[in-house]
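Reader: I've got this one open in my viewer and I'd like to go through it with you. Can we take it piece by piece?

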Amino acid sequence: MSTTTTTTKIFVTGATGYIGGGVVNVLIRHPDFSSFEVVTLVRSEDKAKKLRTLGLKPIIGGYGDLELLTKAAAEADIVITMVDSDNLNAAKAVLEGIKQRFEQTGKPPILIHMTGTAFFMEYANGLHGNSERVYSDLESDVIEAIPEQAFHRNVDVPLIQADKEGYAKVYLICPGTVFGIPSGPIAELEGVQHTLSMQLPFFFKVALDRKRPGYIGEGKNVWPAVSIHDVADLFALIFNKARGDQDSLGHGREGLYIAENLSYSVEEFLQLAGQTLLELGLVDSAEPNALTEEELTKYFGPIWPALATNCAAKGDRSRALGWNPAHGKEEFLNSVKEELLEYLKHNKQ
Ligand SMILES: NC(=O)c1ccc[n+]([C@@H]2O[C@H](COP(=O)([O-])OP(=O)(O)OC[C@H]3O[C@@H](n4cnc5c(N)ncnc54)[C@H](OP(=O)(O)O)[C@@H]3O)[C@@H](O)[C@H]2O)c1
């Protein structure tokens, strides 16, 4: 008697990213990995060579190679996108491929996309930490009403529309600030994975340049945060349910999964970063103070108001799936020094 194993074809973008590396580790460690064909979009042959050693199948290309994105998506049962939550052209190219796959197979492919909580943000100029509203990922009507002009919605809305039209099952993972030092198979490949968060390095760079940590306004603005490992765990839950038990998993407009487990202010992490920088002799004062208007323009340009916002969001839908994030405020605060040291390794003073 012969047995046949069906191959699950998975196309991943952003596999070498800060978040993406952790997500791909979930695939590599998955009990069904031997039946997966994991195609990863990679920009360099050097990274591709290293990813091949883990049993992945890199294709060389960028997010601007729209035909390549369409072709790769058209060959996949599952697509995971983690490069750029604002790139509409790339999203459309991926959707085009997914539609072609649906037309060939009659089965809607799964799309798991990394978005972020920035569309909830409220401008505060760093002066306070009180959000007018705490958004829950269960509030589908409220989220649906957020316009496409808000961060990430230009991409999220068409993805949800594809789900409504029935040719894709779409799941959106929506983290706040992601923190922690990556580990696992992708991180162990020399020079492959991005090792720094998106938010903290902005302020490390400023502190080193002006020899004192600096915040916007009073640095009181507050954001939700989640560890890189807890994001990977949430991905694993969604991935497994989407493959096996789709009825128990909201998708499309009911398929936004917020990842958060603590909140923090800019002032809080700058206090800690300042102490470490002073111990290392890299600043004259550990105590953060307000950046002048001139400094705001110099360091951040026109985006500075976005860095001084509040954001309040709850992952109720994520937790209802059984997601139980393990890393809280203490781990976040500990990660500040770790990440600063990692930043200094890559940015020699
Ligand atoms: N980090 C956070 O706190 C956070 C929070 C919420 C949402 N998000 C969203 O999650 C996504 C991933 O974030 P991240 O922090 O993991 O980003 P990241 O560390 O900068 O990783 C970006 C990934 O995309 C790849 N990439 C970048 N530009 C590309 C291009 N033009 N063509 C092909 N690949 C390209 C990078 O490849 P290389 O190795 O070649 O550079 C890397 O694999 C983003 O959309 C981000 O907005 C992030």
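Author: Sure. Keep in mind that this is a predicted model. Let's begin with Ser85, which has a relative accessibility of 15% and therefore counts as buried.

Reader: Okay, where does Ser85 lie?

Author: Ser85 isn't placed in a helix or a strand; it belongs to a loop. That loop runs between strand 4 (78-81) and helix 4.

Reader: And which side chain does the side chain of Ser85 make a polar contact with?

Author: Leaving out residues up to four places away in sequence, Ser85 touches His113, Met114, Thr115, His152, Asn154 and Val155. One of these also gives a polar contact between side chains, at 3.2 Å. The partner is His152.

Reader: You mentioned helix 4. Is Arg101 buried or exposed?

Author: Arg101 sits in helix 4, which spans residues 88-105. Apart from residues up to four places away in sequence, Arg101 touches Ala73, Ala74, Glu75, Ala76, Asp77, Gly106 and Pro109. The cut-off for burial is under 20% relative accessible area, and Arg101 has 15%, so Arg101 is buried.

Reader: Now the ligand. Which residues come nearest to it?

Author: There are 25 residues around the ligand. Helix 1 (18-28) and strand 9 (177-179) each give that shell at least two residues. The ones that come nearest are Thr16, Arg43, Lys47, Tyr63 and His194.

Reader: How far is a polar side-chain atom of Arg43 from an oxygen atom of the ligand?

Author: Some of the polar pairs here use the protein backbone: a backbone N or O atom of Gly14 is 3.5 Å from a ligand oxygen, and a polar backbone atom of Val178 is 2.9 Å from one. With Arg43 the side chain supplies the polar atom, and its distance to a ligand oxygen is 2.8 Å.

Reader: How much of the ligand's exposed area does the protein bury?

Author: Start with where the ligand is: the space it takes is the largest pocket. A polar backbone atom of Val178 lies 2.9 Å from a ligand oxygen there. On its own the ligand exposes 910 Å², and the share of that buried by the protein is 84%.

Reader: Let's move to helix 8. Why is it largely enclosed by the rest of the structure?

Author: The buried residues of helix 8 are Leu200, Pro201, Phe203, Phe204, Val206, Ala207, Leu208 and Arg210. Their cover includes strand 10 (214-215), helix 10 (266-279), strand 14 (289-290), helix 11 (293-300) and helix 13 (329-346). Helix 8 (residues 200-210) is largely enclosed because the buried ones make up eight of its eleven residues.

Reader: What phi does Lys211 take just after helix 8?

Author: Lys211 lies in the loop between helix 8 and strand 10, and at 40% relative accessibility it counts as partly exposed. Most residues other than glycine have a negative phi. Lys211 isn't glycine, yet its phi is positive, near 60°.

Reader: Last one: what relative accessible area does Asn125 have?

Author: Asn125 is found in the loop between strand 6 (122-123) and strand 7 (135-136). Asn125, a residue other than glycine, has a positive phi near 55°. Asn125 is partly exposed, and its relative accessible area is 36%.

Key. Residues numbered from 1 in each chain as written. Predicted model: local features only at pLDDT ≥ 70, side-chain atom pairs only at ≥ 80, totals over all residues. Heavy atoms only, no water. Helix = DSSP H or I, 4+ residues; strand = E, 2+ residues; numbered from the N terminus. Buried < 20%, exposed > 50% of the residue type's maximum accessible area, 1.4 Å probe, protein only. Contact = heavy atoms within 4.5 Å. Near = heavy atom within 4 Å. Polar contact = N/O pair within 3.5 Å; in protein donor to acceptor, adjacent residues only side chain to side chain. Areas by Shrake-Rupley, 256 points an atom, 1.4 Å probe, with all protein chains shown as cover. 1 Å grid on protein atoms, 1.4 Å probe; cavity = no way out; pocket = protein on both sides within 12 Å on 5 of 7 lines; lining within 4 Å. Sits in = over half its atoms within 2 Å of the grid points.
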